[in-house]
Amino acid sequence: MEVGTVTLLIFSSLILGLLTGLPLVFILGGLAVIFNFIFLGPSTLFMISSTAFGTMNDFILTSIPLFVFMGILLQHSGIAEALFDMMHKWVGGIKGGLAIGTIIICTFFAAMSGISGAATVTMGVIALPAMLKYKYDVKMASGSIAAGGALGILIPPSVLMIIYGIFAGESIGALFAGGVIPGFLLSLMFIAYIAIRCWLNPEKGPAIPKAERASWPEKFSALKAVILPIALIILVLGVIFKGIATPTEAAAMGALGALFCAAVSRKLTWGVFKESSYHTLGLSCMIIWIIIGGSCLTRTYTAVGAVDFIRELVSALPVSKYFILFGIQITLLFLGMILDPGGIIMICTPVFVPVIKSLGFDPVWFGVLFIVNMEMSYLTPPFGFNLFYLKSIVPRSVTMLDIYKAVIPFVGIQALCLLLLILFPKLVTWLPSLIIN
């Protein structure tokens with residue numbers, strides 16, 4: 001059978017499997033076994049077990065449960081409440097201040113956890129009631145929480161960056177460094193939008209009354225809430241960027257630091273530790289099993305020669321390489337509306353990365369573009385994860401359609417950030433090149 005026909009058959013089967021609603025790991029792993037048997041023969045089925053074993057022996061995978069544990073434990077340690085109280089005192093007195101403070105706190109959380117759900121749910125529980133109390137527009141309030149929560153996908157230590165690095169064969173440290181400037185740029189763009197929108201339309205985000213604003217001594221006293229988070233961020237990212245520790249070793253230090261933060265805040269109880277451990281176990285098992293399934297399907301797909309076929313086909317197209325890059329981004333945007341971001345990375349990375357390299361693009365730069373696109377998928381209807389996280393928290397009067405409308409401006413800002421990163425690649429490549437040199 002021709003390679004082009006095999007490619008069409010594999011992707012058609014993948015889409016059909018996803019439409020059935022089966023767990024992603026069963027679809028990826030099941031298709032790997034089926035197509036391995038059909039196209040490579042029964043004698044090659046050992047490749048599935050050897051691929052799974054090789055994947056589990058990858059040292060970098062150990063960083064995933066450690067980073068997840070760090071984020072979940074911090075979620076239960078009271079740091080988020082302390083940070084919001086600090087932001088309430090410092091920026092609550094300006095128009096849109098509570099929404100701006102929410103974005104800032106989510107930025108802190110992103111740099112401490114590497115996942116999206118923790119910040120979205122935590123800030124939804126803490127910040128949303130406060131914003132609604134002060135008559136914030138519900139769309140502005142919910143949109144800022146959903147968008148801020150998605151920053152955990154881009155700002156290191158991002159779990160999705162680790163998955164991309166594994167499948168693309170790129171340095172996790174370089175990807176982390178590449179995500180720093182884009183992550184903080186996107187955070188600043190969110191803040192600028194909220195500030196301008198609330199300045200033009202004060203009813204979107206009223207300032208808290210003067211009688212309830214904090215005094216300067218209270219403001220300075222509240223700053224102690226940022227000491228431990230900043231110290232933990234510097235510890236984890238600093239040892240990676242300085243080459244002192246690998247991402248896995250840094251993740252272990254981060255997990256230990258999270259335990260210390262919880263102990264200092266007097267929230268380190270057996271119940272909190274047990275709940276965080278169980279939550280980490282469930283989430284990590286899901287992620288790693290999906291990685292195993294994706295690795296097996298990728299290995300089978302490569303063995304039949306399909307990756308080389310697509311790379312040669314795309315390279316031979318009589319169009320600009322930027323046109324091909326644009327087409328890839330549109331494809332990822334569409335897939336992000338209907339698929340899990342982790343699954344998209346595992347399916348598309350083995351196909352797109354060889355193409356990007358053959359076109360002369362920097363694979364780390366493309367990786368950050370990929371992650372920004374996946375961040376958009378957390379907000380794009382109909383299946384954006386953060387939309388469902390938020391729906392479980394907002395008042396019943398807020399419909400899913402209201403949440404869809406709330407995130408539209410923030411998705412537009414993400415798209416603008418993606419365009420800026422394409423037009424100005426140095427925003428991504430400067431820091432990795434500096435650290436490597």
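Where is L8 found? L8 is in helix α1, which covers residues 3-19.

## Starting at L8

Before going further, please keep in mind that this is a predicted model. L8 has a relative accessible area of 59%, so it counts as exposed, the cut-off being over 50%. If you would like a sense of scale, look from L8 to Y136: the two residues are 128 apart in sequence, and their C-alpha atoms are 49 Å apart in space.

## Two helices to look at

Helix α2 takes in residues 24-40, 17 residues in all. At 1.5 Å a residue, α2 should span 24 Å, and its end C-alpha atoms are 23 Å apart, which agrees. The buried residues in α2 include L24, V25, I27, L28 and G29. Further along α2, L31, A32, F35 and N36 are buried too. After α2 comes G41, which has a positive phi, near 95°.

Helix α8 runs over residues 138-150 and has 13 residues. From its first C-alpha to its last, α8 reaches 18 Å, close to the expected 18 Å. Most of α8 is covered, with 11 of its 13 residues buried. Among them are M140, I145, and several small residues you can pick out by number: A141, S142, G143, S144, A146, A147, G148, G149 and A150.

## Salt bridges

How many salt bridges does the structure hold? There are three. One of them stays within a single helix: D85 and K89 both lie in α5 (residues 79-91), four residues apart, or about one turn of the helix. The closest N and O atoms of D85 and K89 are 3.3 Å apart. D85 is partly exposed, at a relative accessible area of 36%, and K89 is partly exposed as well, at 24%.

Another salt bridge joins K204 to D137, with the closest N and O atoms 3.9 Å apart. K204 lies in the loop between α10 and α11 (216-222), while D137 lies in the loop between α7 (117-133) and α8, so the pair ties together parts that are 67 residues apart in sequence. K204 is buried, because its relative accessible area of 19% falls under the 20% cut-off. D137, at 23%, is partly exposed.

K357 and E170 also meet through their side chains in a salt bridge, at 3.5 Å from N to O. Here K357 belongs to helix α17 (residues 341-358) and E170 to the loop between α9 (159-168) and α10, so this pair ties together parts 187 residues apart in sequence. K357 is partly exposed, with a relative accessible area of 45%, whereas E170 is buried at 17%.

## Aromatic rings

The structure holds 13 aromatic pairs. Why is the pair of F190 and F410 edge-to-face? The ring centres of F190 and F410 are 5.5 Å apart and their planes stand at 65°, and planes over 60 degrees apart count as edge-to-face, so the pair earns that name. This pair links distant parts of the chain, 220 residues apart: F190 is in helix α10 (residues 172-200) and F410 in helix α20 (residues 400-423). Both F190 and F410 are buried.

Elsewhere, F69, W270 and F273 make up one aromatic cluster.

## Lysines over rings

Two lysines are worth finding in the viewer. The charged end of K219 sits over the ring of W90, 5.7 Å from the ring centre. K321 lies over the face of F361, and the distance to the ring centre is 4.8 Å.

## A nonpolar patch on the surface

Which residues form a nonpolar patch on the surface? They are F334, I338, F383 and F388, and together they have about 410 Å² of accessible area. F334 has its place in helix α16, residues 321-336. With a relative accessible area of 52%, over the 50% cut-off, F334 counts as exposed.

Methods: Residues are numbered from 1 along each chain as its sequence is written. This is a predicted model: local features need pLDDT of at least 70, side-chain atom pairs count only at pLDDT 80 or more; totals for chains, interfaces and linings use all residues. Side-chain values use heavy atoms; hydrogens and water are left out. Patches are made of residues with over 30% relative accessible area and no salt bridge: like charges are joined within 9 Å, nonpolar side chains (Val, Leu, Ile, Met, Phe, Trp, Tyr) within 5 Å. Accessible areas come from the Shrake-Rupley method with a 1.4 Å probe; for residues, only the protein chains shown count as cover. A salt bridge is a side-chain nitrogen of Lys or Arg within 4 Å of a carboxyl oxygen of Asp or Glu. Buried means under 20% relative accessible area, exposed over 50%, partly exposed in between (1.4 Å probe, protein chains only). The expected span of a helix is 1.5 Å times one less than its number of residues. Rings of Phe, Tyr and Trp (its six-membered ring) pair if their centres lie within 6.5 Å; planes under 30 degrees apart count as stacked, over 60 as edge-to-face and the rest as tilted. A charge sits over a ring if NZ of Lys or CZ of Arg is within 6 Å of the ring centre and within 35 degrees of the ring normal.
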